[in-house]
Amino acid sequence: MLKIGITCYPSYGGSGAMATELGKTLAEKGHIVHFINYEVPFRLNGYHERIVYHHLDIPTYPLFKYPPYTLALASRIAEVAVKEKLDIIHAHYAIPHSICGYLAKLMVPNLKLVTTLHGTDITLVGNDQTFFPITKFAIEASDGVTAVSQSLKEDTYKIFDIKRDIQVIYNFVDTTIYKRERNSKLVHCLGLGRKKVLIHISNFRPVKRITDVIEIFKGISRKIDSVLLMIGDGVERSKAEKLAAQYNLDVRFLGQQANVIPFLSVADLLLLPSEQESFGLVALEAMACNVPVVGSKVGGLPEVIIDGENGYLVEVGNIELFVQKSLAILSNDNLREMMGINGRERAVSHFDQRKIIKEYEEFYYKILKG
Ligand code: GMT
């Protein structure tokens with residue numbers, strides 16, 4: 001049994017979701033998990049045996065134009081590590097969590113630091129040098145580093161020119177929970193009728209290209225009676241809403257949803273035309289619910305979506321091809337169903353929670369052995 005501290009971004013987003021699901025599963029397996037965050041992670045709902053949440057206060061003083069989150073978190077990790085005798089602090093998303101873990105490690109003898117790289121902590125830094133030296137340092141100084149895809153691992157080597165070992169441990173999904181629900185009430189509630197249902201789920205940031213989602217849907221709805229469910233929220237939402245209204249499309253903006261399974265269960269296709277995606281957790285969640293995915297041929301998505309098997313991959317921004325590939329799936333029920341089954345099988349065989357958790361446990365024990 002290990003005592004593991006986890007720090008992550010607790011609000012909506014794949015890295016926080018993964019970190020929280022990891023913590024919950026480790027606790028189910030008998031480990032004691034301590035979350036150290038400025039708010040309760042959004043997926044940490046309800047009571048969990050062997051999980052403790054440690055709140056982080058970030059003091060504000062008139063002198064501090066920018067409250068020092070990094071220092072407050074490092075200090076809190078060190079405090080919790082000593083009090084709870086942590087074996088490991090697992091930092092999800094390098095900036096700034098990895099360096100917080102490193103500072104705590106300097107203060108607490110024998111504390112091991114594991115950093116998991118999720119995406120823009122690497123790829124964005126590649127384009128913006130502000131955090132480059134400290135991120136490179138934190139990656140090199142961690143006791144163990146994992147990346148959520150082979151593509152992200154390669155990006156990390158390329159961008160930071162580092163030599164250390166990075167282990168790929170893929171994101172995962174609990175396929176006993178993420179599965180297509182039959183008789184969903186949503187079809188009736190949302191008045192979906194016999195329309196084909198397209199879905200997009202994200203944090204609506206520019207990297208997700210949600211105006212492309214609307215443009216693609218425009219092309220699809222010209223040919224097929226269909227509706228688009230937009231789940232999530234973020235800076236690009238109003239732009240997308242205006243566009244959908246301008247084109248007079250049947251698009252339902254349903255906001256953030258804590259549980260996306262009912263929505264995926266009524267969907268015929270997930271659209272994911274992102275500019276960049278180091279893994280694309282939502283694609284995996286869709287696959288587990290028998291939903292084919294048409295996504296961008298970028299980053300780690302080709303490791304999740306196999307072109308022609310459980311969806312299609314298209315060059316970023318090629319709206320016409322996105323429309324064409326989506327129509328191919330939506331106009332052929334046999335193909336759509338077969339792609340749904342293939343996706344489900346792939347989710348179960350490659351990315352199921354039980355398989356991936358074992359990889360994390362083995363990784364922790366390897367790091368502790370030194
Ligand atoms: O890096 C980000 O943009 C944020 C992060 C998040 O918290 O959602 O997303 C990244 O991590 C996810 C979980 O590992 C991956 O599924 C996403 O592909 C990745 N996002 C990008 O690479 C843009």
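Which helix gives the largest share of the shell around the ligand? Select helix 1, residues 14-28: with 4 residues, helix 1 supplies the largest share of that shell. Keep in mind during the tour that this is a predicted model.

**Stop 1: the two domains**

Colour the protein chain in two parts. Domain 1 covers 3-172 + 352-369, and domain 2 covers 186-351. Their C-alpha centres lie 30 Å apart. The contact between the domains takes 18 residues from domain 1 and 13 residues from domain 2. On the domain 1 side, select helix 1 and helix 6 (150-160), each of which supplies at least two residues of the side that touches domain 2. That side of domain 1 divides into 8 nonpolar, 9 polar and 1 charged residues.

**Stop 2: the ligand**

Show the ligand and the 19 residues around it. Those that come nearest are Gly 13, Gly 14, Ser 15, Gly 119 and Thr 120. By kind, the shell divides into 6 nonpolar, 12 polar and 1 charged residues. Where does the ligand lie with respect to domain 1 and domain 2? It lies between them, because both domains give residues to the shell around it.

**Stop 3: the sheet of 7 strands**

Now select the strands numbered 1 to 7. These 7 strands form an open sheet in the order 3-2-1-4-5-6-7, and the pairing is parallel. Strand 3 (51-55) and strand 7 (167-168) are the edge strands, and each pairs on one side only. Go to the strand 7 edge: strand 6, residues 144-147, pairs with strand 7 in the parallel sense over 2 bridges. Within this pair, Thr 146 stands opposite Gln 167 in strand 7.

Bring helix 1 back into view. Helix 1 packs on the sheet and touches strand 1 (3-7), strand 2 (32-37), strand 3 and strand 4 (88-92). The direction of helix 1 makes about 155° with that of strand 2. Next select helix 15, residues 353-369. Helix 15 lies across strand 4, strand 5 (112-117), strand 6 and strand 7, and it runs at about 140° to strand 5.

**Stop 4: two backbone details**

Select helix 3, residues 94-107, where Pro 96 is found. The peptide bond from Ile 95 to Pro 96 is cis, with omega near -10°. Then follow the chain into the loop between helix 3 and strand 5, where Asn 110 is found. Asn 110 is not a glycine, yet it has a positive phi of about 75°.

**Stop 5: the sheet of 6 strands**

Move on to the strands numbered 8 to 13. An open sheet of 6 strands has the order 10-9-8-11-12-13, with parallel pairing. Strand 10 (251-255) and strand 13 (311-314) stand at the edges with a single partner strand each, so one side of each is left without a neighbour in the sheet. On average, neighbouring strands of this sheet are turned by 20° against each other, direction ignored.

Zoom in on strand 8, residues 196-202, and strand 9, residues 226-232. The two run parallel and are joined by 7 bridges. Ser 202 has Gly 232 in strand 9 as its bridge partner. Then add helix 13, residues 319-330, which packs on the sheet and touches strand 8, strand 11 (269-272), strand 12 (293-296) and strand 13. The direction of helix 13 makes about 175° with that of strand 13.

**Stop 6: a pair of helices**

Select helix 11, residues 281-288, and helix 14, residues 333-351. At what angle do helix 11 and helix 14 pack? The angle is about 115°, and the axes are 7 Å apart. To see the contact, show Leu 284, Met 287 and Ala 288 in helix 11, which meet Gly 343, Arg 344, Arg 346, Ala 347 and Phe 351 in helix 14. The residues of this contact divide into 5 nonpolar, 1 polar and 2 charged.

**Stop 7: an annotated stretch**

Finally, select residues 194-346. The UniProt annotation "domain: Glycosyl transferase family", from an unreviewed entry, covers these residues. Over residues 194-346 the chain is 43% helix and 20% strand. The end C-alpha atoms of residues 194-346 are 28 Å apart.

Definitions and conventions
Residues numbered from 1 in each chain as written. Predicted model: local features only at pLDDT ≥ 70, side-chain atom pairs only at ≥ 80, totals over all residues. Near = placed C-beta within 6 Å. Nonpolar A, V, L, I, M, F, W, Y, C, P; charged D, E, K, R; others polar. Domains from an automatic or database assignment. Axes fitted to C-alpha atoms, helices over the stretch in contact; angles between N-to-C directions. Contact = placed C-beta atoms within 7 Å. UniProt positions renumbered as here; feature names shortened; annotations may be inferred. Pairing = 2+ DSSP bridges.
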